[in-house]
Amino acid sequence: MLWTSPNTIIGLLLGVAGLPFGAHAHVRARELAVVFHEWPWGPGGALTLGNVIIHTGDSLDAECLTYAHRAGLVDEPGVILADHERAHVLQYMALGPLFLPLYLLCGGISVRNRFERAADRYARTGAGWWPW
């Protein structure tokens, strides 16, 4: 967690900025993260920064579609958002400050991004969060 603390600090600052506008926070031990729910800005969904998950909804236990499904590449059942975001927390913990540059080099928020494909794989199977 210390290795990814610069990312976590950014996540905490963003999360705290949403508190006066209705966001609320709690610790989710299973996700190894502080989660900010009802975050008031953005297109919807969740964003992980280190050991912080910023979520525009009210529960990470909701089902969501995989990136490949949304892109029309496959027809597969939804996954639990918490499982997908936990994979990103694990990726951050392994890569620390290297995560964000590598994530962006791999295509950002996209079905082509190996980090997102690995997070979807982990959410479907419980294994395989490593992007390589």
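1. In the hairpin of strands S3 and S4, two residues lie between the strands, and glycine 50 takes a positive phi near 65° there. S3 covers residues 46–49 and S4 residues 52–55; helices and strands are DSSP runs numbered from the N terminus, where a helix (H or I) needs at least four residues and a strand (E) at least two. S3 and S4 run antiparallel and are joined by four bridges, and two strands count as a pair if DSSP finds at least two bridges between them. Within this pairing, threonine 48 stands opposite isoleucine 53 of S4.

2. A word on the source of these values: this is a predicted model, in which local features need pLDDT of at least 70 and side-chain atom pairs count only at pLDDT 80 or more, while totals for chains, interfaces and linings use all residues. Residues are numbered from 1 along each chain as its sequence is written, and side-chain values use heavy atoms, with hydrogens and water left out.

3. S4 also pairs with strand S2 (residues 33–37), this time in parallel, through three bridges, and one of the partnerships joins phenylalanine 36 to isoleucine 54 of S4. Which residues of S4 are buried on its two faces? Val52 and Ile54 are buried on one side, and Ile53 and His55 are buried on the other, so that both faces of the strand are covered; buried means under 20% relative accessible area, exposed means over 50%, and partly exposed lies in between, with a 1.4 Å probe and protein chains only.

4. S2 has a further partner in strand S1 (residues 24–28), and these two strands pair in the antiparallel sense over five bridges; valine 27, for instance, has valine 34 of S2 as its bridge partner. Their hairpin has four residues between the strands, and in this loop sits leucine 32, which has a positive phi near 60° although it is a residue other than glycine. Leucine 32 is partly exposed, with a relative accessible area of 33%.

5. The loop between S2 and S3 holds glutamate 38, which is not a glycine either and yet has a positive phi of about 55°. At 32% relative accessibility, glutamate 38 counts as partly exposed, whereas proline 43, which is found in the loop between S2 and S3, counts as exposed at 89%. The C-alpha atoms of proline 43 and threonine 56 are separated by 8.2 Å, and the two residues are 13 residues apart along the chain.

6. The largest pocket has a volume of about 680 Å³. Of the 32 residues that line the largest pocket, Gly45, Ala46, Leu47, Tyr67 and Ile109 are the closest to its centre. The elements that give two or more residues to this lining include S3, S4, helix H2 (67–70) and helix H5 (114–125). A pocket is found on a 1 Å grid over the protein atoms alone, as an open set of points where a 1.4 Å probe fits, with protein on both sides within 12 Å along at least five of seven lines, and lining residues have an atom within 4 Å of a point. Grid points are joined across faces, edges and corners, and the volume is the space filled by probe spheres set on the points.

7. The lining of the largest pocket divides into 19 nonpolar, eight polar and five charged residues, where Ala, Val, Leu, Ile, Met, Phe, Trp, Tyr, Cys and Pro count as nonpolar, Asp, Glu, Lys and Arg as charged, and the others, Gly among them, as polar. Helix H3 gives five residues, the largest share of this lining.

8. H3 has 15 residues and spans 21 Å from its first C-alpha to its last, close to the expected 21 Å, which is reckoned as 1.5 Å times one less than the number of residues. Because 13 of its 15 residues are buried, H3 is largely enclosed by the rest of the structure. Glycine 96, with a positive phi near 55°, follows H3.

9. Taken as a whole, the protein chain has five helices and six strands, and buried residues make up 42% of its 132 residues. Its radius of gyration of 14 Å agrees with the value near 14 Å for a compact globule of 132 residues, where the radius is taken over C-alpha atoms and the globule rule is 2.2 Å times the number of residues to the power 0.38.
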